[in-house]
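Good morning. Please have a look at the chain on the screen, and I will walk through a few parts of it.

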Amino acid sequence: MTMLAAVHHECDVANETICAPADVKDWFEFTTPIFSVGPIHFTRTVILFFLAAAVVIALLYFGLRRTRLVPTKFEAAIQSLVEFVRDGIARDIIGPEGVKYTPYLLSIFMLILVGNIFEVTPFVNFPITSRMALPIFLSLITYVVFVVVGFSKNGIRYLTDIAWPKAVPVGLRWLVGLIEVVSTFALRPMTLAIRLFANLVAGHLMLTLLLGSGVAFVLAVGEIGPKAGIGIVWFAVGLVFFAFEIFVAILQAYIFTLLSAVYIQSSLHPEH
C-alpha cells in the first residue's frame with residue numbers, strides 16, 4: 001500500500017501514460033529506522049525479515065508439533081511441504097544421504113517463499129528478497145555448506161577433482177578445470193543470489209507500476225476525463241501480473257533450494 005501511495009503521489013496523469021518515480025530506489029531503500037535498540041536500527045526491511053522468520057517458525061511449529069492419525073488440513077499441508085522438500089529435492093537430488101540436509105533446505109525454501117509472498121501480501125507489498133542483502137546472505141550460507149561438505153567428505157580430493165577433472169581429455173583438463181574452479185568457488189554464490197534478486201526486483205517494479213498507475217488514473221477521472229480509462233487497463237493487467245507473481249514467488253523459492261541441493265550433491269561427489 002505504501003508503494004501504491006508513492007506512485008499515486010508522484011504521478012502526472014495529464015502528461016504520462018504510466019506512473020514512475022524519479023528514482024526507483026525509493027521503493028527498495030528503507031533507511032529510516034522505525035525504532036532503535038542502542039546502536040542497532042530496525043528499518044522496515046529488517047522488521048519484515050524477522051517477521052518472515054517468525055512466520056516460518058510458527059508454520060513449522062504448529063504444523064508439525066503433533067502426530068495425528070488424521071491431521072487437520074493445515075497440518076497435512078505443512079507435512080506435504082516437508083515431504084516435498086525431503087523427497088522431491090533432498091533425496092531426489094542428493095540421494096539417500098540428502099535426508100540429513102532436509103532441515104537446511106526446508107528452512108531456506110520456507111524463508112524465501114514467505115519473503116517472496118510478502119510482495120502480494122496486503123499492507124506489506126514488498127518482497128524482502130528484492131533487497132540484495134538477503135539473497136547474497138542466503139547464497140553465502142549455501143556456499144559455506146557445500147564447500148565444508150566437499151572438504152569434509154573428500155578432503156583435498158574435492159579441490160583436485162574439480163581442478164583436474166579426470167573425465168575430460170588430458171589436453172583440455174587445465175581449461176575445463178580452471179572454468180570449474182572459478183564457477184564453483186566464485187560464480188555460484190553470485191549467480192544464486194542474483195537470480196533470486198533480479199526476478200523479485202523486476203516483479204516488484206512491474207506490479208507497483210501497473211497497479212499504482214491504474215489507481216492514479218482512475219482517481220483522477222475528474223481531471224482527465226476519458227483518459228482515466230487507461231487506468232482500468234493498467235489495473236487489469238496488474239491483476240493478471242499479480243497472479244503471475246505468486247507463481248514466480250513459489251518458483252524462485254524452489255529454484256534456489258533446488259540449486260542449493262545440486263551444489264551439495266556435487267560437493268559430495270565432485271568426480272561427477
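What percentage of the 272 residues of the chain count as buried? The figure is 40%. Keep in mind throughout that this is a predicted model.

Let me start with the overall layout. The chain has nine helices and two strands. Reading from the N terminus, the order of elements is α-β-β-α-α-α-α-α-α-α-α. So much for the list; next come the contacts. Taking the contacts in the chain with a separation of 6 or more, 69% are between residues 24 or more positions apart. As for the surface, the chain has an accessible area of about 14,200 Å². Carbon and sulfur atoms make up 73% of that area.

Now to the charged side chains. As general background, side chains of opposite charge can pair when their charged atoms come close. How many salt bridges does the structure hold? There are five, and I will go through some of them.

One of them joins arginine 91 to aspartate 87, with 3.0 Å between the closest N and O atoms. Where do these two sit relative to each other? Both are in helix H3, which covers residues 73–94, and because they are four residues apart there, about one helical turn separates them. Arginine 91 has a relative accessibility of 40%, so this residue counts as partly exposed. Aspartate 87 is also given as partly exposed, at 27%. The pair is part of something wider, since Arg86, Asp87 and Arg91 are linked in a network of salt bridges.

Another salt bridge is found in helix H6, residues 157–163. Here aspartate 161 pairs with arginine 157, and the closest N and O atoms are 2.8 Å apart. The spacing is again four residues, about one turn of the helix. Is aspartate 161 buried or exposed? Aspartate 161 is buried, because its relative accessible area is 8% and the cut-off for buried is under 20%. Arginine 157, at 38%, is partly exposed.

Aspartate 161 has a further partner. Its side chain also meets that of lysine 166 in a salt bridge, at 3.5 Å from N to O. Lysine 166 counts as exposed, with 59% relative accessibility. To put that together, aspartate 161 is buried, arginine 157 is partly exposed and lysine 166 is exposed.

Next, a pair of helices. Two packed helices are described by the angle between their axes and the distance between the axes. At what angle do the axes of H3 and H9 cross? They cross at roughly 35° and come within 8 Å. Helix H9 runs over residues 229–268. The crossing of H3 past H9 is right-handed.

Which residues make up the contact? On the H3 side they are Phe84, Ile89, Ile93 and Ile94. On the H9 side they include Tyr254, Leu258, Ala261 and Val262. Sorted by class, the contact has ten nonpolar residues, two polar ones and no charged ones.

Threonine 257 is also among the H9 residues that meet H3. How accessible is threonine 257? Its relative accessibility is 0%, so threonine 257 counts as buried. Leaving aside residues up to four places away in sequence, threonine 257 touches Ile89, Leu105, Ile108 and Phe109.

Back in H3, we also find isoleucine 78. Isoleucine 78 is buried, with a relative accessible area of 7%. Which residues does isoleucine 78 touch, not counting those up to four places away in sequence? They are Leu59, Leu60, Gly63 and Leu64. Between isoleucine 78 and tyrosine 61, the C-alpha distance is 9.7 Å, with their positions 17 residues apart in sequence.

The last stop is in a loop. Proline 33 lies between helix H1, residues 2–10, and strand S1, residues 35–37. At a relative accessible area of 36%, proline 33 is partly exposed. Beyond residues up to four places away in sequence, proline 33 touches His41, Phe42 and Thr43. Valine 46 is 13 residues from proline 33 along the chain, and their C-alpha atoms are 9.3 Å apart.

That is the end of the walk-through. Thank you.

Definitions and conventions. Residues numbered from 1 in each chain as written. Predicted model: local features only at pLDDT ≥ 70, side-chain atom pairs only at ≥ 80, totals over all residues. Heavy atoms only, no water. Buried < 20%, exposed > 50% of the residue type's maximum accessible area, 1.4 Å probe, protein only. Contact = heavy atoms within 4.5 Å. Areas by Shrake-Rupley, 256 points an atom, 1.4 Å probe, with all protein chains shown as cover. Salt bridge = Lys/Arg side-chain N within 4 Å of Asp/Glu carboxyl O. Axes fitted to C-alpha atoms, helices over the stretch in contact; angles between N-to-C directions. Left-handed = near helix turned anticlockwise from the far one by under 90°. Nonpolar A, V, L, I, M, F, W, Y, C, P; charged D, E, K, R; others polar.
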